[in-house]
Amino acid sequence: DTLFATPFIRAVREKYPNSYIAVLTHPRCYEILEGNPNINDIIIYDEKKQHRSILRRFSIIAYIRSKNFDAAFILKKSLSRTLLLLFSKIPMRVGYRSKRAGFLLTKKVDIPARGLHKVEYFLNLGKAVGIEARNKNYEISISDNDIKRAEKILKDTGVKDKKFVALNAGGNWEPKRWPAENFAKLGDEIFEKLGLAAVLTGAEKDIGLAEKISGLMKHKPFILCGKTDLKTLGAIFKKAACVVSNDSGPMHLAVSVRANVVAIFGPTSPEL
């Protein structure tokens, strides 16, 4: 969702180029937004841990209030966050109509009748107040240091200067995963027909899956699972000839860095 919000943030910047734009977000989303040229400030708000106490919440309210914001967009319906913005004395609060928090908004937007991709869903809020997006691509900022770290990881793993295809076989939901046997067969065929090495990417929890795929392959892949953070994984996707991925967070990360992506979709809404 944080990646999907970046076209909306860019659209606000394009509409109001001299504005001060802050994003209120969870700590785990900071890395995705860090370095985004359209954002002036990232305000971390962790209501279940760091800001659980009333005192800590009031400290966030005081900080937001000190910035004298003109408007707030609530991209994800939340009573607690909408209350936070109300107490922060932001005069214009735009969000989707809801039973719980709708009465706290100054501009209520009807939920679209048809299902929209999350990018379009967020941009629809902007349209309600005259903000149109020229570019709907989502983005993440990859620095030179991220690229250097990615190159070191590739070198240490043995990939070095080899051309490679990244295979991302993980996914949070088992039915959304293309079978390990298929990824293994694909990796071997890519090597035999194109001469490209296979690099298996994923989180630490995907190491077992990667080892299973490797065990099924004639031409052994390079396993990077658990060796990357979000930014270095994005940098590795940028360097790959192609990324083949299940419907997952890393798939969207690959799209955000403009990699060549083949996405495998299982049980999901074709419309979305």
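## Strand S3, its sheet and the surrounding helices

Along strand S3 the side chains take turns: Ala 72 and Ile 74 are buried and point to one face, whereas Ala 71 and Phe 73 point to the other face and are not buried. The model described here is predicted.

### The parallel sheet

Strand S3 belongs to an open sheet of 3 strands, arranged in the order S3-S4-S5 with parallel pairing. S3 (71-74) and S5 (107-109) are the edge strands, each with a single partner strand, so one side of each has no neighbour in the sheet. From one strand to the next, the twist averages 15 degrees.

The pairing can be followed at the level of residues. S3 and S4 run parallel and are joined by 4 bridges, and Phe 73 stands opposite Val 94 in S4. Strand S4 (residues 92-96) is also joined to S5, by 3 bridges, and these two strands run parallel. In S5, Lys 107 is the bridge partner of Val 94. Helix H5 (residues 118-127) packs on the sheet and touches S3, S4 and S5. The direction of H5 makes about 140 degrees with that of S4.

### Helix H3 and the loop that follows

Helix H3 (residues 54-66) has 13 residues, which should span 18 Å at 1.5 Å a residue; the C-alpha atoms at its ends are 18 Å apart, in agreement with that value. The buried residues of H3 are Ile 60, Ile 61 and Ile 64. Viewed down the axis of H3, these buried residues fall within an arc of 100 degrees, so they line one face of the helix. They pack against strand S1 (22-25), strand S2 (41-44) and helix H4 (79-87). Leu 55 and Phe 58, on the other side of H3, are exposed.

After H3 comes Asn 68, located in the loop between H3 and S3.

### Residues with positive phi

Most residues other than glycine have a negative phi. Asn 68 has a positive phi although it is not a glycine, and Lys 89 likewise has a positive phi without being a glycine. Arg 258 takes a positive phi just after H10. The table sets out these residues.

| Residue | Phi | Place |
|---|---|---|
| Asn 68 | about 55 degrees | loop between H3 and S3 |
| Lys 89 | about 60 degrees | loop between H4 and S4 |
| Arg 258 | about 65 degrees | just after H10 |

Asn 68 is exposed, because its relative accessible area is 61% and the cut-off for exposure is over 50%. Lys 89 also counts as exposed, at 61% relative accessibility.

### Helix H10 and strand S9

In helix H10 (residues 249-256), the buried residues are Met 251, His 252, Leu 253, Ala 254 and Ser 256. The elements that cover them include helix H1 (2-15), helix H9 (230-239), S9 and strand S10 (261-264).

Strand S9 (residues 242-246) contains Asn 246. This residue is buried, with a relative accessible area of 0%. Apart from its neighbours within four places in sequence, Asn 246 is in contact with Asn 168, Ala 169, Gly 170, Lys 176, Arg 177, Trp 178, Phe 183, Met 251 and Ile 264. One of these contacts, Met 251, is among the buried residues of H10.

### Cysteines

A disulfide is a covalent bond between the sulfur atoms of two cysteines. A search of the whole structure finds 0 disulfides. For Cys 225, the closest cysteine sulfur is that of Cys 242, 17 Å away, which is too far for a bond; the cut-off for a disulfide is a pair of sulfur atoms within 2.5 Å. Cys 225 counts as buried, at 5% relative accessibility. Cys 29 also counts as buried, at 13% relative accessibility, because the cut-off for burial is under 20%.

### The chain as a whole

The chain has 10 helices and 10 strands. Its C-alpha trace spans about 65 × 40 × 35 Å along the principal axes. Of the 272 residues in the chain, 44% are buried. Among contacts between residues at least 6 apart in sequence, 55% join residues at least 24 apart.

Definitions and conventions:
Residues numbered from 1 in each chain as written. Predicted model: local features only at pLDDT ≥ 70, side-chain atom pairs only at ≥ 80, totals over all residues. Heavy atoms only, no water. Buried < 20%, exposed > 50% of the residue type's maximum accessible area, 1.4 Å probe, protein only. Expected span 1.5 Å × (residues − 1). Arc of directions from axis to C-beta. Contact = heavy atoms within 4.5 Å. Pairing = 2+ DSSP bridges. Axes fitted to C-alpha atoms, helices over the stretch in contact; angles between N-to-C directions.
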